[in-house]
Amino acid sequence: MLTLYATGLSANGRKAMSVARHLGIDHEHREVNVYRGEGRAPDFLALNPSGKIPALVDGDLVLTESNAIIGYLDEAYGGGRLGGDDARERAQVRRWLFWEAAHWQPALIDALAPAVGHLLLPALVPAPPVASTWRGPALLPLLGLLEEHLAGRSHLVGDRLTLADFGVAGMMTYAGRTGFPADAFPAIARWYAAVDALPAWRATACGPWA
Ligand SMILES: N[C@@H](CCC(=O)N[C@@H](CS)C(=O)NCC(=O)O)C(=O)O
């Protein structure tokens with residue numbers, strides 16, 4: 001039995017949970033609320049010494065890193081149907097997943113962490129003195145690139161749903177509660193509305209993001 005350690009409170013956890021659900025993969029979900037310190041439990045640290053979710057166990061395979069996990073789920077259990085149809089599409093899917101991990105997610109963490117932290121742990125993390133900004137100098141070029149790419153496209157790769165959409169959508173989990181300027185980025189807003197309407201995406205919304 002496949003076991004996924006995650007929480008939908010986290011963008012990275014939600015990526016893995018939603019892909020598993022979208023592909024209809026039979027698995028056991030173990031909720032690890034890292035925001036309550038559950039990632040520091042000895043049995044979880046034995047699995048993933050970094051204490052981070054998501055983590056996947058499949059027999060003797062222990063896999064961490066959300067984008068690696070969604071790739072494995074799709075290839076091992078989804079017939080590769082979210083991975084792209086040919087070498088070019090698969091390369092583009094990987095391109096967006098690397099972009100997400102290297103650029104998009106770090107910039108959004110910098111911009112949104114105070115607000116997201118407060119929404120997740122209001123008693124511990126004070127409300128930030130200034131509203132989170134989606135218009136900072138590190139984030140704007142990334143939003144511009146994504147907006148330009150999505151203008152006239154329904155999805156990131158091949159005009160149909162792929163792992164790239166799940167991966168890049170992860171951090172958009174926080175958009176609604178942190179003032180994402182949809183008017184300034186209509187193509188991103190339209191694309192994310194389509195992801196947000198997926199039953200598997202909806203089913204994994206929880207806490208402040210529901
Ligand atoms: N690059 C990793 C990041 C994983 C990560 O940072 N997970 C966060 C939740 S979004 C976590 O578990 N944080 C708990 C901690 O750092 O102790 C991935 O994509 O899976």
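This report describes a predicted model of one chain with a ligand, going from its domains to single residues.

**Domains**

The domain assignment divides the chain into domain 1, residues 2-77, and domain 2, residues 87-209. Taken over C-alpha atoms, the centres of domain 1 and domain 2 are 20 Å apart. Where they touch, 17 residues come from domain 1 and 20 residues from domain 2. On the side of domain 1 that touches domain 2, helix 1 and helix 3 are the elements that give two or more residues. Helix 1 gives the most to that side, with nine residues. By class, the side of domain 1 that touches domain 2 holds six nonpolar, seven polar and four charged residues.

**The surroundings of the ligand**

Around the ligand stand S10, A11, N12, V34, G39, G51, K52, I53, P54, E65, S66 and N67. Helix 1 and helix 3 are the elements that give two or more residues to this shell. By class, the shell has four nonpolar, six polar and two charged residues.

Some residues of the shell have backbone features that deserve a note. Most residues other than glycine have a negative phi, and most peptide bonds are trans. I53 and P54 are joined by a cis peptide bond, with omega about 5 degrees. P54 is placed in the loop between helix 2 (42-47) and strand 3. E65 is not a glycine, yet its phi is positive, about 80 degrees. E65 belongs to the loop between strand 4 and helix 3. Because 18 other C-beta atoms lie within 10 Å, E65 counts as partly exposed.

**Helix 3**

Helix 3 covers residues 66-77, twelve residues in total. At 1.5 Å a residue it should span 16 Å, and its end C-alpha atoms are 16 Å apart, so the two values agree. Its buried residues are S66, N67, I69, I70, G71, L73 and D74. Of these, S66 and N67 are also among the residues around the ligand. The buried residues of helix 3 pack against helix 1 (11-22), strand 3 (55-58), strand 4 (61-64), helix 4 (87-120) and helix 6 (163-169). After helix 3 comes G79, with a positive phi near 65 degrees.

**Helix 5**

Helix 5 runs over residues 140-150, and L143, L146 and L150 are buried in it. These three residues cover an arc of only 65 degrees around the axis, so they lie on the same side of helix 5. P141, G144 and E148 are exposed on the other side of helix 5. The buried residues of helix 5 pack against helix 7 (186-196). G152 follows helix 5 and has a positive phi, near 80 degrees.

D159 is found further along, in the loop between helix 5 and helix 6. D159 is not a glycine, but its phi is positive, about 55 degrees. D159 counts as exposed because 10 other C-beta atoms lie within 10 Å.

The table sets out the positive phi angles named in this report.

| Residue | Place | Phi |
|---|---|---|
| E65 | loop between strand 4 and helix 3 | about 80 degrees |
| G79 | follows helix 3 | near 65 degrees |
| G152 | follows helix 5 | near 80 degrees |
| D159 | loop between helix 5 and helix 6 | about 55 degrees |

**Pairs separated in sequence**

A111 is part of helix 4. A111 counts as buried because it has 20 C-beta neighbours inside 10 Å, and 20 or more is the cut-off for that class. Leaving aside residues up to four places away in sequence, A111 touches S132, T133, W134, G136 and L139. A111 and L139 are 28 residues apart in sequence, while their C-alpha atoms are 7.8 Å apart in space.

L198 sits in the loop between helix 7 and helix 8 (199-203). L198 has 17 C-beta neighbours inside 10 Å and therefore counts as partly exposed. Along the chain, L198 and H22 are 176 residues apart, and 8.3 Å separate their C-alpha atoms.

Notes: Residues are numbered from 1 along each chain as its sequence is written. This is a predicted model: local features need pLDDT of at least 70, side-chain atom pairs count only at pLDDT 80 or more; totals for chains, interfaces and linings use all residues. Helices (H or I, at least four residues) and strands (E, at least two) are DSSP runs, numbered from the N terminus. The expected span of a helix is 1.5 Å times one less than its number of residues. A residue is buried if 20 or more other C-beta atoms lie within 10 Å of its own, exposed if 12 or fewer, and partly exposed in between; C-beta atoms are placed from the backbone. Two residues are in contact if their C-beta atoms, placed from the backbone, lie within 7 Å. A residue is near a molecule or strand if its C-beta atom, placed from the backbone, lies within 6 Å of it. Ala, Val, Leu, Ile, Met, Phe, Trp, Tyr, Cys and Pro count as nonpolar, Asp, Glu, Lys and Arg as charged, and the others, Gly among them, as polar. The arc is that of the directions from the helix axis to the C-beta atoms. Domain bounds come from an automatic or database domain assignment.
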